[in-house]
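Here are a few short exercises to work through with the model open beside you. Try each one before reading its solution.

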Amino acid sequence: MEAKFSQLTLDVIGLAVFNYNFDSLTADSPVIEAVYTALKEAEARSTDLLPYWKIDLLRKVIPRQIKAEKAVTVIRQTVEELIAKCKKIVEAEGEQIDGEEYVNDADPSILRFLLASREEVSSVQLRDDLLSMLVAGHETTGSVLTWTLYLLSKDPSSLMRAQEEVDRVLQGRSPKYADIKELKYVTRCINESLRLYPHPPVLLRRALVPDVLPGNYKVNAGQDVMISVYNVRRSPQVWDNAEEFMPERFDLGGPVPNETNTDFRFIPFSGGPRKCLGDQFAMMEAIVALAIFLQRMNFELVPDQNISMTTGATIHTTNGLYMTLSQRQVQPRFASAASR
Ligand code: HEM
């Protein structure tokens with residue numbers, strides 16, 4: 001399941017950011033392979049103790065580094081071609097954004113929006129910003145879906161409640177934009193999964209000036225501060241039954257929990273000026289994907305597998321998440337409501 005959700009979120013972010021269909025759910029390609037090689041390298045570097053890859057010579061002789069450099073070249077070329085192609089279209093059509101109500105049904109990507117907005121940005125800056133979104137918005141959402149499904153597979157009563165909500169709200173059809181805010185329990189399952197499995201599990205900040213943190217912790221200028229979000233989320237000092245999956249701990253009638261309305265106990269997307277810029281997109285994507293999955297599939301954990309965590313930029317499983325799937329029929333009472 002983890003591999004499938006990773007492919008799904010790669011396909012979604014590719015379309016959303018560049019209008020590029022990786023089609024990784026159904027095909028293999030050198031670009032997809034390059035993306036996975038580069039993502040793996042980025043994650044490995046985030047936890048490597050010695051940044052030996054900063055040394056030019058080593059980058060040219062170590063096989064893993066040679067492979068990673070090649071992968072980055074393939075990705076950069078692909079994105080540069082996409083930017084050039086999109087620029088030509090925007091110029092040929094003389095497209096320019098007027099006001100805030102910009103919608104381009106044929107190409108609703110961020111790339112098209114940015115080019116049509118005619119802001120002066122170099123192609124390299126644009127390429128690298130778009131690639132940051134690809135990296136930040138892919139594995140994170142894939143991991144959320146993986147752990148949410150795992151948690152639901154172990155909690156039949158929460159699963160039944162989520163399925164009932166999906167059947168009631170969707171009435172057997174595909175989700176629409178307006179359904180998202182009605183899928184409150186599904187949303188709380190995702191919030192609760194994000195509480196137990198935060199991505200990334202640790203946040204890092206570097207002090208620009210000397211400071212004293214609450215609790216009288218002195219920090220020197222230049223010192224790194226690591227915030228273990230994972231520990232806060234599982235701390236009994238902060239949460240009742242901290243280790244338990246309880247979606248209803250977040251009131252269904254209240255607002256969707258975030259850093260400000262939980263007094264920073266729950267910071268799924270960080271906070272402040274460097275907060276995740278894809279938070280709304282990510283929640284929408286996860287809710288839609290999970291709702292469709294719950295609506296159409298029955299799933300069961302394959303017995304006797306060892307499901308443990310490996311951490312990097314996100315928390316992922318060490319050996320994958322294996323499930324037995326079968327097609328699910330929408331419950332008759334909801335199906336008949338749908339046909340009315
Ligand atoms: C459920 C999925 C996601 C989670 C849990 C998540 C979480 C986060 C967190 C915690 C940060 C802050 C990191 C820090 O403070 O050091 C962050 C930053 C960021 N995220 Fe997300 N994210 C998700 C999805 C996305 C998506 C879909 C996109 C793009 C469309 C995205 C784009 C970004 C970017 C560009 C940053 C850096 C912002 C900056 O430094 O100014 N994220 N994300």
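**Exercise 1.** Describe the shell around the ligand by residue class, and find which helix gives the most to the shell.

*Solution.* Start with the classes: in this predicted model, the shell has 13 nonpolar, six polar and three charged residues. Next, look at where they come from: helix 6 gives the most, with six residues. Then pick out the nearest of the 22 residues around the ligand, namely Gly 137, Arg 205, Ser 270, Arg 274 and Cys 276.

**Exercise 2.** Find the protein donor to the iron atom of the ligand, and place this donor in the chain.

*Solution.* The iron atom has a single donor from the protein, SG of Cys 276, at 2.3 Å. Going to the chain, you will find Cys 276 in the loop between helix 9 (229-233) and helix 10 (279-296).

**Exercise 3.** List polar side-chain contacts to oxygen atoms of the ligand, with their distances.

*Solution.* Take Arg 205 to begin with: an N or O atom of its side chain is 2.6 Å from a ligand oxygen. For Arg 274, the distance from a polar side-chain atom to a ligand oxygen is 2.8 Å. For Ser 270, the corresponding value is 3.2 Å.

**Exercise 4.** Decide whether Phe 250 and Phe 266 are buried or exposed, and classify their ring pair.

*Solution.* The structure holds seven aromatic pairs. In one of them, Phe 250 and Phe 266 have centres 5.1 Å apart and planes at 40 degrees, a tilted pair. Now check accessibility against the 20% cut-off for buried: Phe 250 has 6%, so this residue counts as buried. Phe 266 has 0% and is buried too.

Conventions
Residues are numbered from 1 along each chain as its sequence is written. This is a predicted model: local features need pLDDT of at least 70, side-chain atom pairs count only at pLDDT 80 or more; totals for chains, interfaces and linings use all residues. Side-chain values use heavy atoms; hydrogens and water are left out. Donors are N, O and S atoms within 2.8 Å of the metal (3.2 Å for Na, K and Ca); water is not among the atoms, so sites may look incomplete. Helices (H or I, at least four residues) and strands (E, at least two) are DSSP runs, numbered from the N terminus. A residue is near a molecule or strand if one of its heavy atoms lies within 4 Å of it. A polar contact is a pair of N or O atoms within 3.5 Å; within protein, one must be able to donate a hydrogen and the other to accept it, and residues adjacent in sequence count only if both atoms are side-chain atoms. Ala, Val, Leu, Ile, Met, Phe, Trp, Tyr, Cys and Pro count as nonpolar, Asp, Glu, Lys and Arg as charged, and the others, Gly among them, as polar. Rings of Phe, Tyr and Trp (its six-membered ring) pair if their centres lie within 6.5 Å; planes under 30 degrees apart count as stacked, over 60 as edge-to-face and the rest as tilted. Buried means under 20% relative accessible area, exposed over 50%, partly exposed in between (1.4 Å probe, protein chains only).
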